[in-house]
Amino acid sequence: MGAMQSLWNDAEAAACRTDLELRAYTSRLLGQDRSLVLHGGGNTSVKLSVTSIVGDEEDILFVKGSGWDLETIQPAGFSPCRMAHLLKLSRLDSMSDAQMAAELKNNMTNAGAPAPSVEAILHALLPFKWVDHTHADVVVALTNTPDGEARIRAVYGNSLVIIPYVMPGFELAKAVAGAWPKQAHAGTIGMVLMGHGIFSFGNTARESYERMIALVELAERHAGPRATPTGPVGVSAAGDWPQIMADLRKAISDVAGAPMIVSYHADARSLAFARRRDLEALSQQGPATPDHIIRTKRVPMLGRDVAAYAAAYERYFDTRGLREGAALAGCRAATPDLVMLDPAPRVALIPNLA
Amino acid sequence: MDILETADALGGWVALPAPQLFDVEYWDLEQAKLRRAGQPPVLAGEVALVTGAASGIGKACVEALLKRGAAVVGVDLQPLVDGRWSSDPACFGAQCDITDEAAMRDVLARAVARFGGLDMLVLNAGIFPKSARIDALSTELWQKVMRVNVDANMALMRDAHPLLARSPKGGRVVVIGSKNVPAPGPGAAAYSASKAALTQLARIAALEWGSDRIRVNVIHPNAVFDTGLWTEDVLTPCQSHWVKPAAMSSISISFRKTWRRTKPVSWVRRSPSRVRSSIRKSRR
């Protein structure tokens, strides 16, 4: 993880004619840094007053729409949601995911805009014009340590609101609504969601963006530099590795139910990771942030036993995430008609291959 | 890896517990992201290698395969200059002489590193030398044509076999023969004999590899003029033999879904007007 620096450019910013264009501009600045927005993670918003065709003035939250990536987002990628309705929704005691998705979509001022981010209500609740949210690698690393919350407090003092892990969506918005009055004060400039990511706020686009950079930089300084092996190592010495790979791909495709592409990484960085002595303890817990799970599965496969991996995944599915007893019976996902995704691994760590 | 190792260096990586992760994995709003992706195209997740991929029939095959969702390994003696070879993650291009067996084995290994295996082989690369009657045919020219059109394809089939035999849906080989196999012309002894030998090689492969779930087909293109084969040297003497090109229509290449069915695939064809304009061009 390298040193963070602001990519703000006065000339580029001056070329933005509206606040929404500026919003798209600083969103792209965030999106350019992979260490901030791993695999499309993160979202941004701006609150604007808009006059409708019949002359009504309304407060509108322009929040990143689904299907748009921060790296390339344009003004059309932001969904215009009516603030007043979002704030009313935030006061409900409960709402299903499907209801929330429908309410968000039905209360936009442009029916052709993309579906708003599931974090739209959360963005609406934050009392700042500009809100930036990323899944910065280093912040997630800090929150996912045994004393994660204490570390975050040590790094940021009380300048940030800190929210324990809550599932994204309406429940998270409710948790923030509850915690905000207790923790926020005039000096609050951002928020950390444990196991999820970080928010920065500002009264200008530049302030919010540069606060994000500064906050992540603080976390990087706390984490300190880490030596990273570099350079290519080349492919495995085993002469029959292409056949081993082809066997592995066939086994994975068979359990996935469709042919899969398998790519092989034998660079120094990947090999050093795959050959760590504590590989099992380190790799068999879960992904860096939960929204990666539909791409990565919960854990990577260690070695090449695809059948064993698939069996373990089926057990994980049947127990709705390795739950037991009452927890299994009472969990929100206990519905019997849930359909299992294919049980094939998406990442394999093979120490003697890569 | 960065996140896990940074957390580990700070005293230990602790991920969310499995139940919370499960709830996100099977959260309706996450599942909706997967549903939005829709039905994958017919060759999604499959890998094809095309020789002679830079132009003509090979290039058309690459485009047809990509359109159907396959990842494509393109090999050509000429540089692969199309942008797709550097920018499309589904494309891997290698400039390589197919008669160099060691270099081709290296291409196969790199294809496996990139995509994990090989499902389809399109043996398209070939040469058609300047017309020469047998009484004036040099041994050198004969051997050169055999080396490219037969020997190199045998070696590639042999070296690709272990990969094709491990294809999840069964391997497929498409051999580009020639109309010269059933209907040869004077002056094309080396080319016609090489393509006939290649056709016979494919027949044997079909007999030997059926039990490995590898399907082998040969197609015999005719009157496909926009390829590298049709040099001025080749085109001019051929014109005198042409009677009237058959009526031909659109481009269609279809790889059949089940390996047991061995119906030949249809082939690239050109409209009569394109054929006539090609002839006119060559006369100028």
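1. Let me start with β5(B) and its partner β6 (residues 214-219) of chain B: six bridges join the two strands, and they run parallel. One register point to check by eye is V175(B), which stands opposite V218(B) in β6(B). The connection goes through helix α8 (residues 189-209) of chain B, and β5(B), α8(B) and β6(B) together make a right-handed β-α-β unit. Bear in mind throughout that this is a predicted model.

2. On its other pairing, β5(B) runs parallel to strand β4 (residues 120-123) of chain B, with four bridges joining them. Here M120(B) is the residue opposite R172(B) of β5(B). Again the crossover is right-handed: β4(B), helix α7 (residues 139-164) of chain B and β5(B) form the β-α-β unit.

3. How many of the six residues of β5(B) are buried? Six of the six, over residues 171-176, so the strand is largely enclosed by the rest of the structure. In a regular strand, side chains alternate between the two faces of the sheet. In β5(B), G171(B), V173(B) and V175(B) point one way, while R172(B), V174(B) and I176(B) point the other way, and all are buried. Note that the buried set includes R172(B), the residue facing M120(B) across the pairing with β4(B).

4. Zooming out, chain B has an open sheet of six strands in the order β3-β2-β1-β4-β5-β6, with parallel pairing. The edges are β3 (91-95) and β6 of chain B; each has a single partner strand, so one side of each is left without a neighbour in the sheet. Neighbouring strands are turned by 15 degrees against each other on average, direction ignored.

5. Elsewhere in that sheet, five bridges join strand β1 (residues 47-51) of chain B to strand β2 (residues 71-76) of chain B, also running parallel. If you want a register check there, V50(B) has G74(B) in β2(B) as its bridge partner.

6. Back to α7(B), the helix of the β4-β5 crossover in chain B. It lies across β1, β4, β5 and β6 of chain B, running at about 170 degrees to β4(B).

7. Now over to chain A. Which residues of helix α4 (residues 97-106) of chain A are buried? They are D97(A), M100(A) and L104(A). These cover an arc of only 60 degrees around the axis, which puts them on the same side of α4(A). On the other side, K105(A) and N106(A) are exposed.

8. What covers the buried residues of α4(A)? The cover includes α3 (83-90), α5 (120-125) and α8 (170-183) of chain A, together with α3 (28-36) of chain B.

Note on methods: Residues numbered from 1 in each chain as written. Chains lettered and ligands numbered in written order. Predicted model: local features only at pLDDT ≥ 70, side-chain atom pairs only at ≥ 80, totals over all residues. Heavy atoms only, no water. Buried < 20%, exposed > 50% of the residue type's maximum accessible area, 1.4 Å probe, protein only. Pairing = 2+ DSSP bridges. Right-handed = clockwise from strand over helix to strand, strands pointing away. Arc of directions from axis to C-beta. Contact = heavy atoms within 4.5 Å. Axes fitted to C-alpha atoms, helices over the stretch in contact; angles between N-to-C directions.
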